[in-house]
Amino acid sequence: MRHGDPRNGHRYRQLCGWAKATFAWACVYCGRPIPRGHAQGGLGCTLAHRIPVSVAPELALSRHNVEGLAHRACNSRAGNRMPAPRPQSRDW
Ligand SMILES: [Zn+2]
């Protein structure tokens with residue numbers, strides 16, 4: 001099955017470079033600064049997507065889907081969270 005993670009590719013690294021030059025170095029989830037340079041583990045810099053990559057892999061490389069920068073730990077925590085469906089949306 002050819003279904004690799006799009007975040008492993010050359011284009012994704014280019015997108016990361018663009019995001020790091022564009023957005024503030026603050027986590028979009030917790031608001032705390034992201035350390036530049038060599039950061040390991042949960043403090044590493046990742047891209048925060050508006051629509052999670054797990055939901056829409058085809059949008060992983062789209063600049064329009066980049067919310068900003070985020071800690072790796074915060075991003076993975078929020079990674080699979082989707083907006084809750086509205087409870088009153090069952091009027092048919
Ligand atoms: Zn954070």
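**A colleague's note on the predicted model**

1. Let's start with Leu47: beyond its neighbours within four places in sequence, this residue is in contact with Leu15, Cys16, Ala19, Val66 and Leu69 (contact: C-beta atoms, placed from the backbone, within 7 Å).

2. Some ground rules before going on. Residues are numbered from 1 along each chain as its sequence is written. The model is predicted, with local features needing pLDDT of at least 70 and side-chain atom pairs counting only at pLDDT 80 or more, while totals for chains, interfaces and linings use all residues.

3. On confidence, the protein has a mean pLDDT of 83, and 79% of its residues reach 70 or more (pLDDT is the predictor's confidence in each residue, from 0 to 100). Where pLDDT is low, please don't read the predicted coordinates in detail.

4. The protein has two helices and two strands, in the order α-β-β-α along the sequence. Helices (H or I, at least four residues) and strands (E, at least two) are DSSP runs, numbered from the N terminus. Among these elements, strand E2 (residues 66–71) has the highest mean pLDDT, 95, and helix H2 (residues 72–78) the lowest, 87.

5. Of the 92 residues, 16% count as buried, that is, with 20 or more other C-beta atoms within 10 Å of their own, those atoms being placed from the backbone.

6. The largest nonpolar core (buried Ala, Val, Leu, Ile, Met, Phe, Trp, Tyr and Cys residues joined through C-beta atoms within 7 Å) has 10 residues, including Leu15, Leu47, Val66 and Leu69. Strands E1 (45–49) and E2 each give two or more residues to this core, and E2 gives the most, with three.

Note on methods. Buried ≥ 20, exposed ≤ 12 C-beta atoms within 10 Å, placed from the backbone. Contact = placed C-beta atoms within 7 Å.
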